[in-house]
Amino acid sequence: MDDNSSNEHTKQTSTNDALSDSQSPEAVGITTPDEMIERYGSLFIALCFCYVRIHATKRFNDAGEYAPEFASAKELLDDLGDVNDIEIQTMLDLRSVPKLEKCHQWVEFILADILERSTQVIEKSNEDKTYLSTAFPIEALRRAFGLTELELLFVLCAVLVQYDDRYMRAFRYAAGVPSWGRITVGFIQKLIAFSAKNREDLHQLVQEDGPLLRYGLVTLEKAEGWRETPDFYAHVEVPRRVVSFLMGKTSTFEPIGCRWLLQEDSNDRAPFDVTCDEAVFAGLEKPGGRLAVLGLQAGDRIASVCRVAKALAMPALAFDLNGFYEALKTHEKPAVRTNLTMIVREVYLQNAILLVSYDTCSKEARDWLHEHSREFEKVFKSEENMRICLLAERQNGATRALFGEMPDCVFPKPTRDQQAPIWESCLQQAHLTPELAKTISQAMAKGYCLSCPEVCDAIEQTLARLPNATPEQALTADNLTETLNRSRGQHLEGLASLRSTRLTLDDIVLSPEIRKRLDRIMKFSKHRDLVMVDWDFQKHNTSGGGLCALFTGIPGTGKTMTALALANELGRALYVVDLSQVVDKYIGETEKRLAKIFDEAERSQAIILFDEADSLFATRTNVKSSNDRYANLEVNFLLQKIEAYGGVCILTSNFSTGLDEALLRRILFKIDFPMPDVSERAALWRTLIPKNAPVHDDISYTALARQFEMSGGHIKNAIFLASIEAAEAQRKIDHDTLWDAAQIIYRELGHMACDVDQGF
């Protein structure tokens with residue numbers, strides 16, 4: 001050996017000894033993720049040296065020049081097993097490349113060091129579950145996805161090249177690639193071949209159903225200009241989210257359609273039905289737990305899952321299927337699969353519960369989900385360790401196609417008796433005095449049946465709507481009811497219009513008999529839950545137990561106004577169905593829209609009003625044509641929906657004789673609004689004039705009532721017409737003005753009116 005070779009050898013030996021000394025395991029254990037990454041980085045460099053020694057003939061061309069990017073005859077002969085590469089190994093010695101034996105020693109030493117460090121961290125993590133993901137995310141990744149040692153090494157080799165320029169340069173040195181070359185599947189396979197039991201283990205690393213590709217831990221990119229790139233030559237990339245996790249960085253990453261549920265989502269209040277929380281806990285306690293949490297009160301179900309997640313010391317990731325549809329509806333299936341994979345990966349990375357919201361999906365979203373159900377099935381059905389909680393009104397074929405069959409946990413609707421305590425508790429949290437909170441809660445308890453989260457939302461929305469008011473000024477019963485009415489039945493827009501009034505039943509002129517029947521409706525609403533649930537009358541009642549009322553009478557007798565006042569008394573929003581938007585000439589479309597109206601009304605607890613219901617619920621006829629058959633089908637469908645409906649529905653009709661007999665049998669409350677008599681008409685003339693209107697004291701309401709036999713609607717029109725005339729003349733509304741206006745309306749109705757005698 002010449003002097004230069006001797007010097008190189010001495011330098012190499014001293015360097016190797018120094019490396020060994022500096023890496024002696026004096027202080028085993030790690031405190032930060034970077035420390036373990038660095039140990040795997042040392043392993044990567046040692047493996048790169050092994051690669052260079054093993055594939056020595058790839059380093060030099062036929063002229064003996066260092067040119068690893070080009071093949072040489074010796075390399076090809078070496079592949080035939082016909083080369084004695086001692087000369088090339090000597091040339092590597094001259095370039096300070098460690099001997100293969102020394103490289104193997106390094107690999108064994110570093111692996112032993114990693115094992116020792118890992119053992120200590122894992123032992124500590126048994127006492128503190130959060131320690132593993134913060135101090136040793138590499139082990140957390142392995143456990144989360146069930147990776148083998150070979151799969152973990154594959155990921156880490158790709159990560160290191162992306163993580164630090166030192167390892168990129170080591171890769172370039174070993175592979176002989178130009179600047180910023182990209183690591184390939186084949187290179188990593190050869191690099192970690194020492195740990196494989198057989199060649200088949202290496203080839204299975206990038207199988208489509210293997211964990212690396214299945215969970216998106218790595219992605220394979222095509223080589224430039226090579227459309228059908230074989231896996232061996234495919235470029236390997238690790239998603240930034242996975243790299244960030246391995247670096248131990250805290251992340252609030254939210255995949256498309258998802259958000260992390262915060263502590264406030266649980267409202268931090270004890271549930272009114274503890275058994276539901278217990279059922280949710282039992283369903284999600286073990287890995288692979290799946291549960292369908294059913295019911296109409298979405299806020300209460302979400303709060304329960306949040307409380308359970310907190311008890312399990314696990315985060316909860318809310319997956320809104322409707323938001324997912326809105327974000328991806330223009331994409332093709334591969335994009336859907338990719339984003340679903342990201343969601344599953346994030347759930348495993350964070351050891352989270354996946355809370356899927358299906359009940360908020362629109363009709364369009366549900367149709368789109370049905371088209372992509374195969375993609376959902378591939379991603380979710382096979383995940384045996386994933387905790388999934390489905391929020392839906394009920395399980396059906398669509399939900400089963402997406403996530404499979406799940407055990408049920410049905411959340412009952414909060415009862416009427418629970419409303420006052422819920423409102424009182426939430427209002428006190430909003431800093432109202434106990435006395436004021438109790439007063440308002442009693443007023444609100446007669447309206448909607450809401451869960452604690454929904455009540456909190458209503459309070460927050462009211463305060464946000466009135467930012468300049470104090471809590472005492474903003475949180476009145478009227479303001480809270482208005483907020484609730486605005487938020488109820490939003491999905492009915494286009495099919496029904498929101499109507500409201502400040503009038504109560506006391507403000508309307510009603511006969512004693514009609515008022516008595518309306519009071520019965522109020523009693524039914526108040527005591528329905530007690531009778532149907534507590535007294536178990538629902539056992540013998542095959543219908544939905546809803547409140548359906550029929551108001552009949554000629555136009556103008558106050559049917560619609562009474563319905564509005566009744567909704568105000570019940571504290572509910574009232575939606576008047578727009579028949580022009582519901583009835584469709586195409587077969588089946590009318591039924592779809594009616595189904596949407598009933599479903600949304602029951603979900604939102606809004607009251608629906610079918611004005612002039614005889615146009616929809618007409619008597620079924622003998623089938624003489626296809627039109628008759630389809631018309632009868634629509635009536636049959638309506639009768640079924642009315643019977644199954646659990647909310648409040650009001651029908652108005654001018655003639656009850658035109659309604660189907662089966663409908664009349666299903667209606668519990670029937671009220672006929674006759675033409676008002678003289679005394680009732682006098683009261684209408686008096687009460688329909690607003691209190692703020694200037695009125696002369698010469699008005700004879702009795703004379704007006706006796707002379708003009710009109711319904712309340714026509715009297716209202718006459719008063720309004722007289723008010724316009726009085727405003728134009730800048731005088732008070734007097735008897736003559738009202739009389740003249742009444743004559744105009746009376747003549748329009750086809751009656752003869754007296755021009756002289758004004759009843760005095």
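**View 1. Leu-317 and its opposite number in the neighbouring strand of this predicted model.** In this predicted model, Leu-317 stands opposite Leu-354, which belongs to strand 6. The two strands in this view, strand 5 (residues 316-320) and strand 6 (residues 353-357), pair in the parallel sense, and five bridges join them.

**View 2. The open sheet of six strands.** Read across the sheet, the strands follow the order 3-5-6-7-4-8, and their pairing is mixed. Strand 3 (258-260) and strand 8 (408-410) stand at the edges with a single partner strand each, so one side of each is left without a neighbour in the sheet. On average, and ignoring direction, neighbouring strands of this sheet are turned by 25 degrees against each other.

**View 3. Helices 14 and 17 against the sheet.** Helix 14 (residues 274-284) packs on the sheet, where it touches strand 4 (290-294), strand 6, strand 7 (387-392) and strand 8, and its direction makes about 155 degrees with that of strand 4. Helix 17 (residues 333-350) lies across strand 3, strand 5 and strand 6, and runs at about 165 degrees to strand 5.

**View 4. Phe-319 in the largest nonpolar core.** In soluble globular proteins, nonpolar side chains tend to be buried together. The largest nonpolar core here holds 103 residues, of which Phe-319, Phe-376 and Phe-380 touch the most other members. When neighbours within four places in sequence are left aside, the residues in contact with Phe-319 include Ile-256, Leu-340, Ile-343, Leu-354, Phe-376 and Phe-380. A second, separate core has 50 residues, among them Tyr-575, Ile-597, Phe-598 and Leu-664.

Note on methods: Residues numbered from 1 in each chain as written. Predicted model: local features only at pLDDT ≥ 70, side-chain atom pairs only at ≥ 80, totals over all residues. Heavy atoms only, no water. Pairing = 2+ DSSP bridges. Helix = DSSP H or I, 4+ residues; strand = E, 2+ residues; numbered from the N terminus. Axes fitted to C-alpha atoms, helices over the stretch in contact; angles between N-to-C directions. Contact = heavy atoms within 4.5 Å. Core = buried A, V, L, I, M, F, W, Y, C linked by side-chain atoms within 4.5 Å. Buried < 20%, exposed > 50% of the residue type's maximum accessible area, 1.4 Å probe, protein only.
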